[in-house]
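Please consider the structure below. The paragraphs that follow lead through its enclosed and open spaces, its helix packing and its local backbone features.

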Amino acid sequence: MDKESESCSTHLIDGDGTFNAVGLDSFIKQVKLPECGLSYAVVAIMGPQSSGKSTLLNNLFYTNFKEMDAYRGRSQTTKGIWIARCAGIEPCTIVMDLEGTDGRERGEDDTAFEKQSALFALAVSDIVLINMWCHDIGREQAANKPLLKTVFQVMLRLFSPRKTTLMFVIRDKTRTPLENLEPVLREDIQKIWDSVPKPEAHKHTPLSEFFNVQVVALSSYEEKEEQFKEQVANLRQKFNQSIAPGGLAGDRRGVVPASGFSFSAQQIWKVIKENKDLDLPAHKVMVATVRCEEIANEKYSFFVSNEDWLELEEAVQNHLVPGFGRKLSSLLNSCLSSYEDEATYFEDSVRSAKGKQLEEKLLQLVQPAYQLMLEHIRSETLNNFKKTLTDALSEGQGFAVAARDCTTKFTRLFDEQCQDAIIKQANWDSTKVKDKFSRDLESHIAEVRTAKLSELTSLYESKLKEAIYGPMEALLEGANDDTWPAIRKLFNRETETAVSEFSFALNGFEMDDDEKEDMILKLKNFARGLVEGKTREEAAKVLYHMKERFTSIFNHDNDSMPRVWTGKEDIRAITKMARSSSLKLLSVLAAIRLDEETDAIGDTLVLALVEPKKGAGKSTTDPLASSTWEEVPATKTLITPVQCKALWSQFQRETEYTITQAIASQEANKRNNNWLPPPWAIAAMVILGFNEFMTLLRNPLWLLFIFVIYLLCKALWVQLDISGAFRNGALPGILSLSTKFLPTVTNLLRKLAEEGQVPVNTDAQRNNSNSSRITQGNNSGFSSTASSEVTMENEVEYTSPQK
């Protein structure tokens with residue numbers, strides 16, 4: 001019973017021709033048929049109704065097909081087609097029990113199902129057992145002849161069929177030896193084959209091309225059961241390893257892989273039911289196409305949901321993944337290998353085509369990740385290139401050498417990383433990414449090169465500006481005949497130094513001579529532009545500079561000390577000298593003289609503006625009535641002759657006030673330093689005051705009174721600083737004295753009162769000290785900035801208030 005339970009018998013096709021697809025799928029899973037690949041065989045049995053087919057199968061293969069109950073009479077037992085697994089036979093063998101032919105239940109005319117089931121058995125099976133009675137051999141109207149005609153007729157509907165084993169099982173063998181029965185049977189079979197109408201292509205094809213005919217004989221199951229079982233056991237041995245070369249099912253050309261058996265059987269029955277010719281090779285391709293596509297879809301779905309792939313895909317979204325190509329190739333190879341393992345037994349061309357389609361779908365799925373990986377490689381390598389190049393330049397390495405070394409290094413690194421990202425199953429061209437990376441490198445190198453050259457140029461331009469601007473400004477401020485020669489010397493010296501250093505710095509860029517010369521020329525032109533620009537800048541402020549120079553020379557002596565206009569200075573000569581110096585500055589700034597060319601701008605200005613009488617004797621026309629200078633190009637002219645004349649007129653107007661103030665100060669000093677009255681006044685005072693003078697001599701008290709009045713007046717003189725007040729004129733002096741007179745007198749009286757309250761000291765040393773002070777006070781005449789001291793008869797000391 002255990003062996004029979006392994007058979008898992010299932011009703012495959014019912015009597016109405018309905019295919020039990022669900023039952024077949026369940027049967028296949030139970031017997032684990034998909035695991036067999038091509039290592040399986042299918043056996044079918046055909047024969048007249050109630051000829052013991054099911055009994056034979058149950059004893060031969062340990063199946064559990066339903067058998068006829070002889071005690072209830074002979075009737076139809078098997079309806080349609082049943083399927084079961086043969087227990088204990090290797091490889092896996094599937095057996096089909098077909099409904100018996102020539103049954104009264106279907107009638108004489110209903111042979112359609114017989115033909116359909118026979119065609120199905122031939123299309124699906126490797127071995128077909130034909131169960132027949134021994135007594136039918138040699139009879140013209142035997143029951144097996146319609147069956148054989150049916151088999152041969154439907155066989156011809158199979159295009160390019162494989163070679164099927166037809167095993168004739170002779171039941172209830174008599175005493176006639178098998179050696180005598182077999183020739184007669186084969187002769188009958190040949191006659192039936194010859195009588196069957198055949199297509200033109202197979203008119204002369206022998207039976208052996210289609211069938212491998214074998215004959216076996218079995219004793220009666222009812223009369224000789226033990227002998228029957230022994231013979232069946234011997235026959236069973238032939239079905240072990242039936243698919244081996246030379247075995248009963250040795251022709252494996254059209255075998256459908258076990259995983260496609262269910263679909264294949266369904267499609268074959270569908271075609272048979274539609275009464276169409278069954279093209280087995282085309283059917284095999286169709287089955288392979290469907291099954292391989294199903295397998296491919298399963299593998300694709302499994303790959304899409306594979307955790308390793310999902311993790312890899314997520315990782316590559318964010319950063320570069322080391323070993324990306326190796327990991328992804330391994331996943332793809334695993335998926336494709338799994339497909340190959342399951343589809344290996346299907347038609348090669350179909351399997352390969354579907355495998356190729358699966359590979360293309362997988363590659364299409366992973367290509368965005370691959371492209372993103374390449375982009376990560378390009379971006380990260382480019383960033384590292386930029387950093388390394390910057391570091392190399394910061395360390396002082398030459399630009400061309402640094403750029404070349406970094407390019408070589410990171411191009412090799414990029415190629416290695418691209419190689420590491422390559423997917424073995426894909427033949428993708430990464431040339432575009434490599435070209436883009438190369439363009440990025442070249443673009444960055446060009447950008448850095450431009451920036452470095454610009455930075456280098458700016459550095460030396462700033463050096464030139466620093467070296468030229470300050471000295472030039474000083475030279476132009478002290479403009480004289482040597483100014484432009486000094487500027488030319490400065491320009492040439494600094495330009496040569498900067499060009500030499502700049503040229504040496506450019507060697508690191510390994511540029512061609514023309515480009516190098518062009519950059520050096522630009523630097524020279526920049527230096528020239530600095531000089532010209534500074535000169536133009538100072539020329540725009542020439543009037544200011546002229547006034548500054550005039551003021552400086554006019555108000556300071558040769559020792560750079562401020563002038564005090566005492567009346568001894570020659571203002572005319574000083575004015576002429578200051579104006580001549582200012583005119584020299586104007587002539588220096590009138591034109592740019594970087595080239596060693598002579599001009600007469602200075603002489604022309606002197607003759608026209610300072611010494612017009614000398615110029616008038618030589619020419620009757622105004623030399624400044626022109627917009628250009630002789631021998632000076634317009635491009636180098638900064639101040640035209642007409643402008644010089646206008647500037648000089650304005651300069652004279654704006655400096656006249658300074659000259660006038662100097663003259664006024666000189667006159668004021670003269671007046672302040674001359675306090676004696678005129679000689680005639682002195683003579684008149686002597687003559688007219690003789691009587692008063694004699695009166696004073698006769699009365700000494702008047703002299704003492706006059707002396708005290710003198711001391712008080714002197715104290716007021718010092719306190720009010722009368723000489724300083726009248727230094728700027730009479731009216732300002734009077735106004736100043738009027739505001740200070742009363743406060744000064746009040747202060748002086750308060751001091752005298754305070755001194756009068758001091759106790760009298762009769763000590764001799766104090767008297768001597770007082771006498772000494774009085775004498776010192778009389779001799780000094782009261783200093784202009786100190787206080788005066790006055791001694792009275794009571795020896796009280798008074799001190800005038802400080803200013």
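A pocket, as the term is used here, is an open set of grid points with protein on both sides within 12 Å along at least five of seven lines, and a residue belongs to the lining when it has an atom within 4 Å of a point. The model to which this term is applied is a predicted one.

The second largest pocket has a volume of about 340 Å³. Its lining comprises 16 residues, and those nearest the centre of the pocket are Asp481, Trp484, Lys584, Arg593 and Asp599. Three helices each contribute at least two residues to this lining, namely H15 (483-506), H18 (571-589) and H19 (601-610). By class, eight of the lining residues of the second largest pocket are charged, four are polar and four are nonpolar.

Attention may now pass from the open spaces to the enclosed ones. The structure contains four cavities of 30 Å³ or more. The largest cavity holds about 80 Å³ of space. Around the largest cavity stand Ala591, Ile592, Arg593, Asp595, Glu597, Thr598 and Asp599, together with Glu631, Val632, Pro633 and Lys636. Six residues of this lining are charged, four are nonpolar and one is polar. Arg593 and Asp599 thus appear in both settings: they are among the residues nearest the centre of the second largest pocket, and they also line the largest cavity.

Helix H18, which supplies residues to the lining of the second largest pocket, also packs against helix H17 (residues 542-555), with the two axes coming within 9 Å and crossing at roughly 150 degrees. Because an angle over 145 degrees counts as roughly antiparallel, H17 is classed as roughly antiparallel to H18. The crossing of these two helices is right-handed. On the H17 side, the contact is made by Val542, His545, Met546, Arg549, Phe550, Ile553 and Phe554, while the H18 side contributes residues including Ile571, Ile574, Met577, Leu585 and Leu589. The contact of H17 with H18 has 12 nonpolar residues, four polar residues and two charged residues.

A second helix pair lies earlier in the chain. The axes of H10 (residues 307-318) and H11 (residues 324-343) come within 10 Å and cross at roughly 150 degrees. That angle makes H10 roughly antiparallel to H11. Here the crossing is left-handed, whereas that of H17 and H18 is right-handed. Asp308, Trp309, Leu312 and Val316 of H10 meet Phe324, Lys327, Leu328 and Leu331 of H11. This contact has six nonpolar residues and two charged residues, with no polar residue.

Two backbone features in loops complete the account. What is the form of the peptide bond from Glu90 to Pro91? This bond is cis, with omega near -5 degrees. Pro91 is located in the loop between strand S3 (81-85) and strand S4 (92-98). The other feature concerns Gln241, a residue other than glycine whose phi is positive, near 55 degrees. Gln241 lies in the loop that runs between helix H7 (225-239) and helix H8 (261-273).

Notes. Residues numbered from 1 in each chain as written. Predicted model: local features only at pLDDT ≥ 70, side-chain atom pairs only at ≥ 80, totals over all residues. Heavy atoms only, no water. Axes fitted to C-alpha atoms, helices over the stretch in contact; angles between N-to-C directions. Helix = DSSP H or I, 4+ residues; strand = E, 2+ residues; numbered from the N terminus. Parallel < 35°, antiparallel > 145°, perpendicular 65-115°, else oblique. Left-handed = near helix turned anticlockwise from the far one by under 90°. Contact = heavy atoms within 4.5 Å. Nonpolar A, V, L, I, M, F, W, Y, C, P; charged D, E, K, R; others polar. 1 Å grid on protein atoms, 1.4 Å probe; cavity = no way out; pocket = protein on both sides within 12 Å on 5 of 7 lines; lining within 4 Å. Points joined across faces, edges and corners; volume = space filled by probe spheres on them.
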